[in-house]
Amino acid sequence: MPQLPNAKTKTNIKNKNINNNNTNNKTIIQDARLNISTNNPNVSHSPTQNNLNSPNNDGWTHQAEKRNRSSSSEPSSPTQNTNRHKKLFISRNRFDVLSQTDTIEVDTITPNPDPDVSNPEAHTSPVKSTNLPPPIIVKGIKDFVSLRSELIDLVGPENFTFKSSINNLKILTKNPETYRAIIHFLQGAEAEFHTYQMQEDKAYRIVIRNLHPTTNTAEIRTALEEIGFQVRQITNVLHKTTKLNLPIFFVDLEPSELNKDIFHINHILHTKVKIEEPYKKRDLVQCQNCQEYGHTKTYCAHTPRCVRCAEHHITSECLKPRNLPAKCALCQGEHPANYKGCQIHKELQRRRNPNSRTIQSTSINNQSNPKTTVKTSSTESNPSPSQKRTYANVTSNQEPPKSINSNQLDTAELSLVLHEKRIDIALLSETHLTNRTKIHIPDYTILRSNHPDGTAHGGAAIIIRSTILFHNVSQISEPHIQSFTIQITLDHSPISISAAYCPPNQIISTLLFEQFFNSLGNYFIVGGDLNAKHTQWGCHSNSPRGNSLRQVITTKNYLIISPQDPTYWPTSPRKRPDILDIFVSKIPNRFNTIIDNLTNPHSDHSPVLLTLDTSPQKRSMNPTLINGIINWEKFQSILTNDINLNVSLKSPNQLEESVQCLTSTIQNAAWSSCKPKIIDNYNQSNLSLPTYLRSLIVQKRRARATWQRTKYPTDKTNYNHLCTLLKRQMAKQRSEDFAKQTSLLTEKDGSLWKTTRKILKIKTMSFPIKKIDGSLAINDKEKAEVHRHHLSQVFNPNDSTIPSIENKESPSKSP
């Protein structure tokens, strides 16, 4: 029989007693945790290693008197503390139900002795490590001074430190012996605390791939032990949905410095295999005992909380009916404590991942349906002037002439945007087209996939410029997804472009998403309304479909490209704007993307534009009225000579011309009075960095390239370490530069005043504009209408009635 470590033996013992004593489940576990027979009372033990290797230990026994752990006849017993009766912690007595002594039989497994070593105690001593023990977090401290005195008498004043917070007290120890002694003391004092597994007790986990699932785990253990590795446990991975065995095995090795050599093995049991490190779990760890996040049940000594009713008992003893609503032990909401939509879980997840890996991007919408646009060249055009309202139209409450029928598919407006924006490929979602619908746009080819029932809802389409070479890849017309895929060549790389729409009333699993993405090839861009919400790409909440999509992109290393602003603007004031139009892409790293939100054509989905290019493009600077230092005397002189206030304002055309003339005069005066800044395109920031910082940047870039090539967690850890080190060094360098710069400030040249004004300048937040009925104003037309209504209410003519002097003097003339 293979040898197992002590920690694993204890876990098996707990499971064995749970099966044999269902009625006293909690009693037996707490008995074994707190009352352990030992031959050496001076030696403290770990909560996970309870002297199972001792040859004189026949089992775990429960003491009838908890406080009397040793008799007076034992000379080696510690001296009783006079302050022992004083209560140090506020906790519930969870052991009132223990009324009799129970004995738990333990099948101790002792490792084979080494014939070359004469000292048998060397096998039971833990492996020394430079890592510090994990912290111990204690709750409910009633008397801190007495606790500190107890710990000083127990382990000495130099072996531990405290760190206090509002609700907890963190105990940091210097060595494993002190850690085990304090754990043993807290267990005896019935304190509520939790801790973590020691680094020296953690198993080294690896993943063996391509090994047949019917292979016996005992044969794998034997093969690895013959090579020289000590195996703790082997587990065959099951499929998440079908529960079938996969050709993947998790192997836990005992801690050793030679464990990394196992990655050089290519063959096991005459099979070519691949051995790699497991991917780290990104989910928050939740304790199944107290339902708190951040630790596990094995190292938790808090009062148990039920996951369904939030009462102080374990979940297996809950008597609450299933038909009654659950109650969360964390937020008191009507849901179980392990619900991922809990506000506590969402807040912890947001703090854990404040900056998600997303690129802000693209989609475009028609008058009655959303679309997503892909563009492979730059754009500098503006929206059509015919669609804008002039200042005279706004102030006179006049509508511009309409040339588009808004009740039909607005192909005219769509054609206008495609030609003015020079869009090469447009991806449309929810086209509402049928087989009888005929549309035509000059210089473009339309490829579409309608809904399978033939009615005017759903559907997807691609509009591509006629001069671009392409070929069709696939057309999917299913109730859960409608898509059309083509393939083009960009910079000698074939890339599939797909327009997709997923109706909201269909269930799409992770497997369906994987099948769809696998059918697109190596490189692809999928754009459209997938109706998948997740906070990773900017949505307000997570939906089941969004969780499935996120799982796929995380597993396959796809890239989510989402717009910065909301793309869905609901008509109901009770709903919030959200992001529904996104891209899922897998493209070569040499391609650069630039995204921009559009306003035309507009509907309940706002348009977005995506630009692809093989070379980085210069981002245009924001237009400003003042491009440098302005000479105000010259500005006043030019404005006085050029302005003309003797104009007639009797018609809307005259009002429009006068406003344009005044605006042009002010702009020309400002531009003529400014001394333009000399913009040096050569970046001098890198030349000012010290040599060690530039060397650290090179190391970080090399580590990033290595991790992107191998995807090993070890390389990722090295890359993260270099990133953190670089951030700290850069922050230190910036702090030194700032201190040097502030020391040179003086009030003589005005540099002190300018710097102070720049630091104290507060950026104002921009709030959405609401219309009179409370709905949001999305496009320029609606915003101008709100502005017109506001100005009409503010600038009202004053009351022309002036009271007569006789009326004012009449009271004074009265007797």
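Me: Two strands pair if DSSP finds at least two bridges between them; which residue in strand 12 stands opposite Ile208?

Reply: Ile208 has Ile275 opposite it in strand 12, where strands (E, at least two residues) and helices (H or I, at least four) are DSSP runs numbered from the N terminus. This is a predicted model, in which local features need pLDDT of at least 70 and side-chain atom pairs count only at pLDDT 80 or more, while totals for chains, interfaces and linings use all residues. Residues are numbered from 1 along each chain as its sequence is written, and side-chain values use heavy atoms, with hydrogens and water left out.

Me: How many bridges join strand 7 to strand 12?

Reply: Strand 7 (residues 204–209) and strand 12 run antiparallel and are joined by three bridges.

Me: And what sheet is that in, in what order?

Reply: The order is 8-9-7-12, in an open sheet of four strands with antiparallel pairing. Strand 8 (231–238) and strand 12 (274–276) are at the edges with a single partner strand each, so one side of each has no neighbour in the sheet. From one strand to the next the twist averages 25 degrees.

Me: Which strands does helix 5 lie across?

Reply: Helix 5 (residues 217–227) lies across strand 7, strand 8 and strand 9 (245–253), and runs at about 135 degrees to strand 8; such angles run from 0 to 180 degrees between N-to-C directions, with axes fitted as lines to C-alpha atoms, for helices over the stretch in contact.

Me: Switching to the sheet with strand 3: what is the strand order there?

Reply: That open sheet has four strands in the order 4-5-3-6, again with antiparallel pairing. Its edge strands, strand 4 (160–164) and strand 6 (192–194), each pair on one side only.

Me: How many bridges link strand 3 and strand 5?

Reply: Strand 3 (residues 136–139) and strand 5 (residues 168–173) pair in the antiparallel sense over four bridges, and Asn168 in strand 5 is the bridge partner of Lys139.

Me: Which strands do helix 3 and helix 4 touch?

Reply: Helix 3 (residues 144–155) packs on the sheet against strand 4 and strand 5, with its direction at about 160 degrees to that of strand 4. Helix 4 (residues 176–188) also packs on this sheet, touching strand 3, strand 4, strand 5 and strand 6, and its direction makes about 20 degrees with that of strand 3. Contact here means heavy atoms within 4.5 Å.

Me: Now further along the chain, at what angle do helix 13 and helix 14 cross?

Reply: The axes of helix 13 (residues 691–710) and helix 14 (residues 713–743) cross at roughly 155 degrees and come within 9 Å. The two helices are therefore roughly antiparallel, given that angles over 145 degrees count as roughly antiparallel, under 35 as roughly parallel, 65 to 115 as roughly perpendicular and the rest as oblique.

Me: Which residues make that contact?

Reply: Among them are Leu693, Leu696 and Trp707 of helix 13, and Tyr719, Leu722 and Met730 of helix 14.

Me: What about helix 9 and helix 10: at what angle do they cross?

Reply: Helix 9 (residues 510–518) and helix 10 (residues 544–556) cross at roughly 50 degrees, their axes coming within 9 Å, and they are therefore oblique to each other. The residues that meet include Phe513 and Phe517 in helix 9 and Leu549 and Val552 in helix 10.

Me: What is the mean pLDDT of the chain?

Reply: The mean is 75, with 71% of residues at 70 or more, pLDDT being the predictor's confidence in each residue, from 0 to 100. Over residues 94–129 the pLDDT is below 50, and this stretch has 61 contacts in the model beyond near neighbours in sequence. Residues 375–408 are also below 50, with 58 contacts beyond near neighbours in sequence.

Terms used:
Two strands pair if DSSP finds at least two bridges between them.
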